[in-house]
Amino acid sequence: SAPFVRTAFTGNLYILEQVGQGMSCLVYRTRDSSNREFALKKVPKSILANKAIYDGFVNQIRIMLDADHPHILRLYEVIEGEDFLGLVTDFCESGDLERYMQGYGEGLSEAEAFFWMAQIASGLKYMQGRKIIHRDLKLANVFLKGRTAIIGDFGLSAYGVSTASSVLGTTLFIAPEMLDEPKGGYTNKCDLWSAGVCFFYLLYGRVPFQ
């Protein structure tokens with residue numbers, strides 16, 4: 001069995017609607033018996049037989065359980081169904097920054113870009129202090145709860161290490177030092193590159209390199 005830790009969470013969850021879909025999961029908006037809304041990320045048990053997917057799933061649980069920061073996605077509980085394992089997290093009703101940018105084809109004003117980047121930088125600084133290397137920092141993984149930016153999706157992250165060597169991430173956001181399986185590895189500075197790409201995207205409505 002997985003080393004999952006149950007946190008303080010009470011009440012049944014009622015699924016309201018599906019709000020997202022990843023490569024290996026479905027995400028739902030839910031409500032508990034006290035009328036509080038949460039997100040439920042359901043991962044089929046069948047794909048957790050893959051060691052890489054399983055390790056990533058456990059890793060993101062450990063990261064979110066350990067994290068306590070307003071700009072890091074909060075995990076309330078891990079639940080188990082007959083054919084899935086689920087993460088109960090904050091529900092970010094305003095989507096993510098990538099979808100937000102779809103309404104601003106030529107980019108945001110400098111003031112608004114700074115507004116969002118200050119929040120991302122705050123979460124990133126916290127992560128670096130906790131030895132979390134995100135490795136997939138991009139606007140689609142920065143969720144919005146009202147006007148609060150929340151970094152999530154830690155499935156590719158490294159935790160508790162100073163260096164890593166696996167080539168992971170999203171092509172247009174990945175740092176150069178992460179490519180070609182570097183022998184010396186890379187550090188959490190790779191996330192600074194990705195944050196810079198995010199900042200460019202916010203300002204100009206596109207990524208800097210194709």
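This passage describes the strands, salt bridges, nonpolar cores and largest pocket of a predicted model.

Near the start of the numbering, strand E1 (residues 13–21) and strand E2 (residues 26–32) run antiparallel and are joined by 7 bridges. The two strands form a hairpin, with 4 residues between E1 and E2. Within this pairing, Tyr14 is placed opposite Arg31 of E2. Arg31 also takes part in a network of salt bridges, in which it is linked with Glu17, Arg29 and Glu37.

In the structure as a whole, 12 salt bridges were found. One of them is formed by Lys51 and Asp55, whose closest N and O atoms are 2.6 Å apart. Both residues belong to helix H1 (residues 51–66), where a spacing of 4 residues, about one turn of the helix, separates Lys51 from Asp55. The two partners fall into separate accessibility classes: Lys51 counts as exposed because its relative accessibility is 59%, over the 50% cut-off, whereas Asp55, with a relative accessible area of 34%, is partly exposed.

A further salt bridge brings together the side chains of Lys145 and Glu93, with an N to O distance of 4.0 Å. This pair connects distant parts of the chain, the two residues being 52 residues apart. Lys145 lies in strand E7 (residues 142–145), while Glu93 is found in the loop between strand E5 (84–90) and helix H2 (97–101). Both ends of the bridge are partly exposed, Lys145 having a relative accessibility of 34% and Glu93 one of 47%.

The side chains of Arg99 and Asp96 likewise meet in a salt bridge, at 3.1 Å from N to O. Here Arg99 is partly exposed, with a relative accessibility of 46%. Asp96, by contrast, is classed as buried because its relative accessible area is 7%, which is under the 20% cut-off.

The largest nonpolar core comprises 41 residues, and Leu97, Phe154 and Leu202 are the members that touch the most others. Two or more residues of this core are supplied by each of H1, strand E4 (75–80), E5, H2, helix H3 (110–129), E7, strand E8 (148–151) and helix H4 (189–204). The largest share comes from H3, which gives 7 residues. The surroundings of Leu202 illustrate how this core is assembled: when neighbours within four places in sequence are left aside, Leu202 is in contact with Leu97, Met101, Gly107, Leu108, Ala113, Trp116, Met117 and Leu139. Another core, of 8 residues, lies apart from the largest one. Among the members of this other core are Ile133, Ile174, Met178 and Cys190.

The analysis also covered pockets. The largest pocket has a volume of about 1300 Å³, and 42 residues line it. Of these lining residues, Gly22, Cys25, Lys41, Asn141 and Asp153 lie nearest the centre of the pocket. At least two lining residues are supplied by each of E1, strand E3 (37–44), H1 and E5. H1 gives the most to the lining, with 6 residues. Helix H1 thus has a part in several of the features described, as it holds the salt-bridged residues Lys51 and Asp55, gives two or more residues to the largest nonpolar core and contributes to the lining of the largest pocket.

Definitions and conventions
Residues are numbered from 1 along each chain as its sequence is written. This is a predicted model: local features need pLDDT of at least 70, side-chain atom pairs count only at pLDDT 80 or more; totals for chains, interfaces and linings use all residues. Side-chain values use heavy atoms; hydrogens and water are left out. Two strands pair if DSSP finds at least two bridges between them. Buried means under 20% relative accessible area, exposed over 50%, partly exposed in between (1.4 Å probe, protein chains only). A nonpolar core is a set of buried Ala, Val, Leu, Ile, Met, Phe, Trp, Tyr and Cys residues joined through side-chain atoms within 4.5 Å. Contact means heavy atoms within 4.5 Å. On a 1 Å grid over the protein atoms alone, a cavity is a set of points where a 1.4 Å probe fits but cannot get out, and a pocket is an open set with protein on both sides within 12 Å along at least five of seven lines; lining residues have an atom within 4 Å of a point. Grid points are joined across faces, edges and corners, and a volume is the space filled by probe spheres set on the points.
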